[in-house]
Amino acid sequence: MKGRKVAIKWSNQDTYPIKALEQYIAPAKIDLVEALPLFRALSSSRSTSIVRRQGLSYCRARDIVKDPFKDITDVSSTSLHSLRVGGTTTAANAGINDRL
């Protein structure tokens, strides 16, 4: 499966998505030339974690995103999609330009 190419405006802000992606790729030692999923499962032992070839499951991604919020709000009916939509709405309501 081939992804879609999109243009992302450069920014020096901490929220710049390319900066976040680089901070994820480097420590995980992910080779972008490989035709493997970008977000992958981990195998962990006591002293190290190894990035597996298998993609991250939807359930695991959901847990990673929701876990930090479980002590401050009820996340039982929240999905990854609702977080994306909610984030977009919150940004729009805060006056953030949708063409960053």
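Two strands pair if DSSP finds at least two bridges between them. In this predicted model, strand S1 (residues 40-44) and strand S2 (residues 49-55) are joined by 4 bridges. The two strands run antiparallel. Leu42 has Val51 of S2 as its bridge partner. Ser43 stands opposite Ile50 in S2. Together S1 and S2 form a hairpin, and 4 residues lie between them.

Helix H1 covers residues 17-28 and has 12 residues. From its first C-alpha to its last, H1 reaches 17 Å. This is close to the 16 Å expected at 1.5 Å a residue. Lys29 follows H1. The phi of Lys29 is positive, near 55°. Lys29 lies in the loop between H1 and S1. Its relative accessible area is 74%, so Lys29 is exposed.

The charged side chains were examined next. Side chains of opposite charge can pair when their charged atoms come close. The structure holds 2 salt bridges. One of them is formed by the side chains of Arg40 and Glu34, at 3.8 Å from N to O. Arg40 is buried, because its relative accessible area of 9% falls under 20%. Glu34 has a relative accessible area of 35% and is therefore partly exposed.

Arg62 forms a salt bridge with Asp63. The closest N and O atoms of this pair are 3.8 Å apart. Arg62 is in helix H2. With a relative accessible area of 24%, Arg62 is partly exposed. Asp63 also counts as partly exposed, at 31% relative accessibility. Arg62 and Ile18 are 44 residues apart along the chain. Their C-alpha atoms are separated by 22 Å.

Lys66 shows another arrangement. Lys66 belongs to helix H2 (residues 58-66). The residue is buried yet has no salt bridge. Which side chain of opposite charge is nearest to Lys66? That side chain is Asp63, 6.2 Å away. A salt bridge needs a side-chain nitrogen of Lys or Arg within 4 Å of a carboxyl oxygen of Asp or Glu. At 6.2 Å, Asp63 does not give Lys66 a salt bridge.

A backbone atom does approach the Lys66 side chain. The backbone oxygen of Val75 lies 2.8 Å from a polar atom of that side chain. Val75 is also listed among the contacts of Lys66 beyond its neighbours within four places in sequence. The others in this set are Ser76 and Thr78. Lys66 and Lys29 are 37 residues apart in sequence. In space, 25 Å separates them, C-alpha to C-alpha.

Ser76 takes part in a further interaction. The side chain of Ser76 makes a polar contact with the side chain of Asp74, at 2.8 Å. Asp74 is found in the loop between H2 and helix H3 (80-93). Is Asp74 buried or exposed? Asp74 is exposed, because its relative accessible area of 57% is over 50%. Ser76 thus links two parts of this description: the residue is in contact with Lys66, and its side chain has a polar contact with Asp74.

Definitions and conventions:
Residues are numbered from 1 along each chain as its sequence is written. This is a predicted model: local features need pLDDT of at least 70, side-chain atom pairs count only at pLDDT 80 or more; totals for chains, interfaces and linings use all residues. Side-chain values use heavy atoms; hydrogens and water are left out. Buried means under 20% relative accessible area, exposed over 50%, partly exposed in between (1.4 Å probe, protein chains only). Lys and Arg count as positive and Asp and Glu as negative; His and the chain ends are not counted. A polar contact is a pair of N or O atoms within 3.5 Å; within protein, one must be able to donate a hydrogen and the other to accept it, and residues adjacent in sequence count only if both atoms are side-chain atoms. Contact means heavy atoms within 4.5 Å. The expected span of a helix is 1.5 Å times one less than its number of residues.
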